[in-house]
Amino acid sequence: MNPLDTTEVSRLLIEIGRRLELAGESSFKVRAYYNAAENLLALTTPLPELIAGGKLREIPGVGEAIAEKIIKLHKTGTHPTLELMREQIPAGVLDLFAIPGLGPKKISVLHSSLNISSLEQLEDACKAGRLEDCKGLGAAIQKKILHGFDLMRRGAGQRRMDDASDLLHAASVNLKKSHPHLKRLVPAGGVRRGCELVEDLTLVAQNSGNEIAINQELRLIVSDEAHYGLTLLFGTGSAAHLELLTARAKAQGFELNESSLVNKSCARLPKGDVPCREENDIYAALGLSFIAPELREGKPLAGGLNEIELAAQDRLPTLVTDADIRGVLHSHTDFSDGAETLSAIAGATRARGYAYYGVADHSKTAAYAGGLKEEKVRVQHKLADDLNAEYAREKSPFRIFKGIESDILDNGALDYPDAVLDTFDFIVASVHSRFTLDKESQTRRLINAVSHPRTTILGHMTGRLLLRREGYTVDIDAVLQACAKHGVVVEINANPNRLDLDWRWHQRALELGCMLSINPDAHSISEIDLTRWGVLMARKGAVPKERVLNCMSLEAISDYFAQRKSKRA
DNA sequence: GCCGTTTTCGGCCCGACTGTTTTCAGTCG
């Protein structure tokens, strides 16, 4: 067998952790496995190299016992301890962790008392009311579990964009090997449109041929050279966009469908088949400027006009691109729950060509995430000053900004006294607790937070976790209005679990006058690159770079932070 | 199980919410 890579080993460490939990092991022991698994994922050196060099123990959280397990897991794909645990409890029991509200204790009860070993059996038991009389469970939990199944069903067939994108990428690599004659093989469908949740997995390629279904979910549409643009256009969608486009074609004297664009009566072009080698051939024939895939949703954008109407007037916004992003704001270090030192992650940010790194570790109330007490804030600031001095000596145009992700307390207050808040260059205010406040209280709380003269950015406004948790109930429009009024920047959290604020609200934010900031919320070096998902969202929301805070140059953003600070007084 | 030391054991993430409990346990962020 092939040796396992870090991701696979990490997954097995998590399985061991889960099984230890079910066995009632100490939570500290369990967490040791989860910690090690997470730190393994953050590695940049390949596992075989670390093992060969005897460097496993240098990974934080990896001691003697876990190092031994990593080696065996890597080499053999399993471990005697794991195999022993697998004999005790069937794999289906682990699936129960996916239901919100179910943890190790309740799952143990479900397994031992009700003999439940799979999601299917759990649902049957709930429907039959068998949890009601079970000690430690009850009718309310039974209802909650059924609601959990409901949530899972609603998300069924949907994937987060990063997963869908990875899948298509992997499929492309395989296809290129098995079908070397395929040309111009690209992702289409929801992935190309930058949808935060993707239902269709579609690839488009050029060759003589037709649609190939790779498996039940994955579709490859193959086109000849003359129709590639058309195939890509229809493979990308959305249905609403194509409908509008077809209607426009008809109105202009064309007939448009997925196999041809025919000029029936338009005087601008020769009659008959219109060549469609590129997507733009179709847009151009219909008198439209090119419409970026992210905008193809057939919904009103700026000024109530949809993308087709805007394209017809050549008024499509210029969308922000990855290259426009000049720096990283909102990222964590090992001062709180990040994996890297400030020096390492700032260095990695600099190496990627960015001009600044805004550190924003958790504030003191977020104890579970190692939030910074005042003393640690001072230590971090000294370190940032020293690093900045170093950059200056190297004549490097790179700078660390001193920020904090301040918890928004119950009443909307920030998490430090003003004197401490004043020592930061910028402040990201975020909610991490009390998700279940009623709409009015939650809205008031957020408005209070953005009314604070020291708040710079409002972090992940709704707290949603895609496919896992709805955002909390809050009057988004009212909060955006408050952000506009107080000059608070609205975060587009780029973590693919969040992508919060949702792109459907971006136009409203722009209309009210808000700036947006595309923030990776990185907890490790590799997570700096999550930024691209946020860029994709901003593009989908038709946000231009002029309205993105971290598209500002180092000089401009330094001035911006300084000005915000001076206005407080 | 890891870590750090004031080194070989004791601490490690704490507080709120929910439901089941009748004074607290499990789950979550």
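Of the atoms of DNA strand B within 4 Å of the protein, sugar or phosphate accounts for 75%, and bases make up the rest. The model described here is predicted. This briefing turns to the protein surface beside the strand and then to a pocket.

**Residues around DNA strand B**
- The strand is surrounded by 31 residues, and those that come nearest are Gly 61, Gly 63, Gly 101, Gly 103 and Arg 434.
- Sorted by class, the surface near DNA strand B consists of 17 nonpolar, seven polar and seven charged residues.

**Contacts with phosphate oxygens**
- Lys 29 uses its side chain, in which an N or O atom is 3.4 Å from a phosphate oxygen of DNA strand B.
- Lys 105 instead places a backbone N or O atom 3.2 Å from a phosphate oxygen of the strand.
- Ala 140 also has a backbone N or O atom beside a phosphate oxygen of DNA strand B, at 3.5 Å.

**Elements that form the surface**
- Two or more residues of the surface near DNA strand B come from each of α2 (27-41), α4 (64-76), α7 (104-114) and α9 (139-154).
- The greatest contribution to this surface is that of α2, which gives five residues.

**The second largest pocket**
- The space in the second largest pocket is about 450 Å³.
- Its lining comprises 21 residues, and Gln 158, Glu 196, Leu 197, Leu 466 and Leu 467 are the ones nearest the centre of the pocket.
- By class, eleven residues of this lining are charged, seven are nonpolar and three are polar.
- In general, empty space of this kind is revealed by rolling a probe the size of a water molecule over the atoms.

Methods:
Residues numbered from 1 in each chain as written. Chains lettered and ligands numbered in written order. Predicted model: local features only at pLDDT ≥ 70, side-chain atom pairs only at ≥ 80, totals over all residues. Heavy atoms only, no water. 1 Å grid on protein atoms, 1.4 Å probe; cavity = no way out; pocket = protein on both sides within 12 Å on 5 of 7 lines; lining within 4 Å. Points joined across faces, edges and corners; volume = space filled by probe spheres on them. Nonpolar A, V, L, I, M, F, W, Y, C, P; charged D, E, K, R; others polar. Near = heavy atom within 4 Å. Polar contact = N/O pair within 3.5 Å; in protein donor to acceptor, adjacent residues only side chain to side chain. Helix = DSSP H or I, 4+ residues; strand = E, 2+ residues; numbered from the N terminus.
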